[in-house]
Amino acid sequence: LSLAAPGGDFQIVGPQAGLPLTDAGWESFAAEERLRLAALNRESRRIAGHAETEYWQRRHDWARQELAARPSVGRPAGPSEAKDGLDSRSTELPHRPSANSAIDTILSDAGIAPPGPIDDYAFLRRVTLDVIGAIPTPEAIADFMAEPDREGRRAAAVDRLLDSPAWADNWMGYWQDVLGENPNLVNPTLSNTGPFRWWIHESFSDNKPFDRFATELILMEGSKYFGGPAGFELSTQDDAPMAVKARVIAQAFLGLDMKCARCHDDPRHDFRQRDLFSMAAMLRRGPQEVPKTSTVPGDEAAHQSLLIEITLKPGERIDPEWTFASLSPDDFPDWVLRASDDPRERLAALVTSPRNERFAQMIVNRLWRRYLGRGLVEPVDDWENAEITHPELLDFLAREFVAHDYDLKHLTRLILNSRAYQSPARDSDAANADAARGALAIRRRMSAEQLVDSLFAAAGKPLDAGPINIDIDGARPQSSSLNLGQATRAWHFTSLSNERDRPSLALPQAQPFVTLMEAFGWRGSRQDPLTVRADSAEVLQPAMMANGTLTARIVRLTDDSAFTSLALAERPLDELVRQVYLRALSRWPSDAERLAWCDVLKTGYADRRIDAPLTAVAPVRQLVSWSNHLAPEATAFKAALEKRVREGNPPTRRLQPDWRERLEDMLWVLVNSPEFVFLP
């Protein structure tokens, strides 16, 4: 540190000159450092992974050879699928102009014709939420609408969004659910994992081929507590952790719901209890003992009354064995397994093998459901008795996925540029049979993470949730207390429960985020894998949006709000209304809406501004940690902090209070409208 001048602020010494050591200066410096370090880490991963990239390129060449030898569903193989056309990497339908249009052509052949597409503003809001997880900024909307090629502006927007670093952020909540990422901030208990969230984020940030993603997850190497896939290996205080992980892997990548097989043979499925424990033994790299908890009370007669059969006994040792040869034959070229005697590596290769058609189809179906609201196969994660509503489309997309090196972005680009995706959203019911069968877009609500991130994007505010950590002085080992960093996106949060729910260990700054997200289906504790969250409407949802702490923070015109800046700028009132609508709803208001709000805001508009300084807000200092949380002052401090969080930052003094409150009422109405919460 150095003094800029006698009596002046301290400055941070470094290559950047003139950076004051103030709260604002430090926040700016920290944000730039995060971006710089992220880019540095990404480049380091690229360099360090060069040899691994060469191995996966060979794997993908093999996959295309396997693809060329496999007949397609419902149509002859295209030219690029022939054995002598492997360098093309395209699996377009023959005599059709592009892979993008192939989706719609296949549906058209099935008698499904999507209606005309949604308008440009609705499309941009939908696709931005679907790709980066937040509503578009006014600047992004302006750039989109300024594109002179009206036919190509949508494809160009998709490309720009797929290049955004936020692509990784938007996938996080989904895969945290599917893979059961369940870190606990303090004293991890039953079924807690390590925070392998950062490895998931890095994988999507690098656009890692998805077969490689699944392989690295199954191998579970690296750090358990600092973000590596080894964190997936943890299942604290569980007597058969590899059985837990086998269930997650089978459900995520193979469509096998093996939950019941932990204790008995599942009467709803063909597989048996032994299949789960054989896979667990492969992960364990040795025999897996059936634990005492894998039992069902009662005698054989009681079991028969429950329509279940128990074929394994507690204490029985099950050897590593692949029992799903019908899905994936246990047969590879010699070079595929780098440690041929490692059962875990063999399992990873069997799951991701191009000879396992289910793997690619599962991932394709997951994407299709995420973007259109319903899968081509339902349930998405249980294919035992499922119907494929459009087998030719599923086959086409799976082949595209494999032919393009299991690239999620390539697959996403195909879907988002289709007429099926860009069709008006429908309700999924018998009256809309095409939507109910997964062919057309279904009305969807924002995910909990998208809702929170969009609220703050609309207001242009940082999340300001404090550190997700109750051991700020680092006095405890990582196995007892985790530091999950500073939340910048909604996926960073986790369960805020602590040992015995001690008030002194509460995190009042983060609690409003968790409370709102839980009302919209988010889970802080993920002891079980989940693909589809509960999305039914509940009374708590509008109550939280209308009266919750976060909504109050967004609609209040504080000095750090983008809406405050709009209100202070010199512009006609109707233009202010238009700009507010653009920030909140990603469209211009109708004439009726504009006139109605102008009528509400016109009184006092000319004199709304006051020549006053910015409102000073004292920064929050985190003073309580595990080391001092038993002190009497600790609980009092957290109670005072909770009160301050609920009150929120004070409104700006630069706007007349009466007029400011009317604009805040307008913002409250817009963010509480169904249009804000639902995708177009």
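Begin with the whole chain in cartoon representation: the protein contains 27 helices and six strands. Its radius of gyration is 27 Å, close to the 26 Å that the globule rule gives for 680 residues, so the protein is as compact as a globular protein of that length. The model is a predicted one. With the view aligned to the principal axes, the C-alpha trace spans about 75 × 65 × 60 Å.

**Surface and contacts**

Switch to a surface representation. The exposed area of the protein is about 29,500 Å², and carbon and sulfur atoms supply 53% of that area. Of the 680 residues, 54% count as buried. When contacts between residues at least 6 apart in sequence are considered, 70% of them join residues at least 24 apart.

Next, colour the side chains by charge. There are 80 positive and 98 negative side chains, and the centres of these two sets lie 2 Å apart. The salt bridges in the model number 47; several of them form the next stops.

**First stop: R153 and D120**

Select R153 and D120, whose side chains meet in a salt bridge with an N to O distance of 2.6 Å. R153 belongs to helix α6 (residues 153-162) and D120 to helix α4 (residues 120-132), so the pair ties together parts that are 33 residues apart in sequence. Are these two residues buried or exposed? R153 is buried, with a relative accessible area of 5%, and D120 is buried as well, at 12%.

**Second stop: D427 and R443**

Move to D427 and R443, where another salt bridge joins the side chains at 3.5 Å, N to O. D427 is found in the loop between α16 (408-416) and α17 (433-436), and R443 in the loop between α17 and α18 (448-459), so this pair ties together parts 16 residues apart in sequence. D427 counts as partly exposed, at 43% relative accessibility, and R443 likewise counts as partly exposed, at 42%.

**Third stop: E675 and R587**

Select E675 together with R587; their side chains form a salt bridge of 2.5 Å, N to O. E675 lies in helix α27 (residues 674-677), while R587 lies in the loop between α23 (573-585) and α24 (591-601), so the bridge ties together parts that are 88 residues apart in sequence. E675 counts as partly exposed, with 33% relative accessibility.

To see salt bridges that share partners, select D177, E181, R197, E449, R523, R526 and R533, which are joined into one network.

**Fourth stop: helix α9**

Now select residues 210-219, which make up helix α9. How much of this helix is buried? The answer is 10 of the 10 residues, so α9 is largely enclosed by the rest of the structure. The buried residues of α9 include the charged-type side chains D211, R212 and E216, alongside F210, F213, A214, T215, L217, I218 and L219. Step on to M220, which follows α9 and has a positive phi, near 55 degrees.

**Last stop: Q509**

Finish at Q509, in the loop between α18 and α19 (511-519). Q509 is buried, with a relative accessible area of 11%. Which residues does Q509 touch, not counting those up to four places away in sequence? Display D464, A465 and G466 together with V620, L641 and V645 to show these contacts of Q509.

Notes. Residues are numbered from 1 along each chain as its sequence is written. Side-chain values use heavy atoms; hydrogens and water are left out. A salt bridge is a side-chain nitrogen of Lys or Arg within 4 Å of a carboxyl oxygen of Asp or Glu. Helices (H or I, at least four residues) and strands (E, at least two) are DSSP runs, numbered from the N terminus. Buried means under 20% relative accessible area, exposed over 50%, partly exposed in between (1.4 Å probe, protein chains only). The radius of gyration is taken over C-alpha atoms; the globule rule is 2.2 Å times the number of residues to the power 0.38. Contact means heavy atoms within 4.5 Å. Accessible areas come from the Shrake-Rupley method with a 1.4 Å probe; for residues, only the protein chains shown count as cover. Lys and Arg count as positive and Asp and Glu as negative; His and the chain ends are not counted. The place of a charge is taken as NZ of Lys, CZ of Arg, CG of Asp or CD of Glu.
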